[in-house]
Amino acid sequence: MPSDDISRRDFVGGAAAAGLFTIVPRHVLGGPGYRAPSDTLNVACIGIGGMGHNDVRGMSIENIYALCDVDWDNGAESFRSFPKAKRYKDYRELFDKEAANIDAVTVSTPDHSHAPATLMSLRAGKPTYCQKPLCRTIGEVKRVMEVASQSKVATQMGNQGHSHEGTRQIRELVEAGWIGPVEEVHYWTNRPIWPQGLERPEEAYNVPPTLDWNLWLGPRPERPYNPAYVPFKWRGWWDFGCGALGDIAPHAMDAAFWTLGFGYPSHIAVESTKVYPETAPTLTRLAYDFPAKGKRGPVKVIWRDGGLEEPRPAGLAPEMEWPWGDPGYQLWIGRDGMLIADVYGDSVRLLDPKKQAEFEHNPPPKKYPRTEGVYKEWINAIKTGTQPGSNFPGHAGPLTEMLLLGNLAIRVGQDLDLNVATGEVTNVKVPDDYLHPTYRDGWTM
């Protein structure tokens, strides 16, 4: 390579670090084949079935350059939609062969592969989008945050509601005092809609011919294939997923985490159905206690899953409908009123009919910038050297840590006391593998 060439990674990283972003002629950046940040991005998508296919479609305003999935039958719709894209089963091979040709990476695998795929992307200097929850364990979250901070590339977690109008409306309503100081926030969801509360199956099954089971297991310990895990049912197994809390809390708890400035809780109380060694329980209630912070007083956060519905608030006007549906809702209780929204922060309503009418006709000022959605927000950040709202170090990582502490309480089956400065559990010995998983040979963190 001529000595006056510079890599895209060095250019973007240096520009972001300096707080600048300058469009440089193609010949300076690396010849006629180079794609400048102002041009169309070459996107590699890892995990392209199910929600992964939605992410592929969301990024299709750019160039879908490469598609990767351990089961090409599962990824068939994405392959059909983008027949010119290069195809891979192993994302490690994708990075080995295509790192020089890709400008951005989406990771939409099951939870247990989020961290290793994301870290490989970040270390290659690629802007990275990862589905929620950011990682399966707290140790993985901390490592991803560290490497993302070092890489300085644009990162985004797939908690789409953070980019929505409703989340901004909630913060603006609360900060304008429409419900007074917030004292409690409640969440309820119909998740899990997959099997949980199970022992490990013992039946032997043949691996489907299109699935590479070894690649699907990725960093987790070997076990025989069983349809109890794949497809989709993996979410309830602790080796692979994070249960109902990992599925919905990155969406539902997002607005409160952002608006109220939550850090680590001081205490988490837990109630659940029977706790199994390898799967999340079928029904859970958690109560997080967040101490006062700045001008905000203490806040209690209540989580209910498994179809455990939030009771209708006392004194709610009879004409106000009390919602229940897929996947659930959130209720904010302030000293002077209440508001409700769905788990994505959308469909915001004040539960006082007079205040709701006023909100509809004269909403609070729009203090916070609006976006065009989670994908365009990330793309714009890549091209301008900025960071999206749900970037890994500044928002997505700390939010994921907070909800994963709830999973620790569920797994150990005990209430937790925590150091609010560090998030360390102080009253229970948590097994190290719950925090810092050991990866199989060939997979690194």
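This briefing walks you through some sheets, helices and cores of the structure above. Keep in mind that the model is predicted. One open sheet has six strands with parallel pairing, while strands β8, β9 and β10 offer antiparallel pairs to look at. The largest nonpolar core holds 95 residues, and helix α14 gives the most to this core.

**The open sheet**

- Follow the six strands of this open sheet in the order β3-β2-β1-β4-β5-β6; their pairing is parallel.
- At the edges you will find β3 (86–88) and β6 (155–157), each of which pairs on one side only.
- From one strand to the next, the twist averages 20 degrees.
- Strand β1 (residues 42–46) and strand β2 (residues 63–68) run parallel and are joined by five bridges.
- For an example of this pairing, find V43, whose bridge partner in β2 is I64.
- Helix α6 packs on the sheet and touches β4 (104–107), β5 (128–130) and β6. The direction of α6 makes about 170 degrees with that of β5.
- Helix α13 (residues 374–384) also packs on the sheet, touching β4, β5 and β6. Its direction makes about 170 degrees with that of β6.

**Two helices side by side**

- Helix α6 (residues 114–123) packs with helix α7 (residues 138–151) at an angle of about 15 degrees, and their axes are 9 Å apart.
- Angles under 35 degrees count as roughly parallel, and α6 and α7 are therefore roughly parallel to each other.
- The crossing in which α6 passes α7 is left-handed.
- On the α6 side, the contact is made by A115, T118, L119, L122 and R123. On the α7 side, E140, R143, V144, V147, A148 and S151 take part.
- A general rule helps when you read such lists: an α-helix has 3.6 residues a turn, so residues three or four places apart point the same way.

**The antiparallel strands**

- Strand β9 (residues 284–290) is mostly covered, with five of its seven residues buried.
- β9 and strand β8 (residues 267–272) run antiparallel and are joined by six bridges. Here E271 has R285 of β9 as its bridge partner.
- Six bridges also join β9 to strand β10 (residues 299–304), and this pair runs antiparallel. Look for F290, which stands opposite V299 in β10.

**The nonpolar cores**

- Within the largest core, of 95 residues, those with the most contacts are W216, M253, Y288 and W332.
- Helix α14 (residues 392–412) contributes ten residues to this core.
- Another core lies apart from it and has 20 residues, among them F82, A154, W378 and I379.

**A covered helix and a buried histidine**

- Helix α8 (residues 165–175) is mostly covered: eight of its eleven residues are buried.
- The buried residues of α8 are G166, T167, R168, I170, R171, E172, L173 and V174.
- What do they pack against? Their partners are β7 (182–189), α11 (254–260), β11 (328–334), β12 (337–342), β13 (349–350) and α12 (353–361).
- Just after α8 comes G177, which takes a positive phi of about 80 degrees.
- In helix α14 you can find H395. Is H395 buried or exposed? Buried means under 20% relative accessible area, so H395, at 5% relative accessibility, counts as buried.
- Leaving aside residues up to four places away in sequence, H395 touches N159, H162, D254, F257, W258, G389 and S390.

Note on methods
Residues numbered from 1 in each chain as written. Predicted model: local features only at pLDDT ≥ 70, side-chain atom pairs only at ≥ 80, totals over all residues. Heavy atoms only, no water. Buried < 20%, exposed > 50% of the residue type's maximum accessible area, 1.4 Å probe, protein only. Helix = DSSP H or I, 4+ residues; strand = E, 2+ residues; numbered from the N terminus. Pairing = 2+ DSSP bridges. Core = buried A, V, L, I, M, F, W, Y, C linked by side-chain atoms within 4.5 Å. Axes fitted to C-alpha atoms, helices over the stretch in contact; angles between N-to-C directions. Parallel < 35°, antiparallel > 145°, perpendicular 65-115°, else oblique. Left-handed = near helix turned anticlockwise from the far one by under 90°. Contact = heavy atoms within 4.5 Å.
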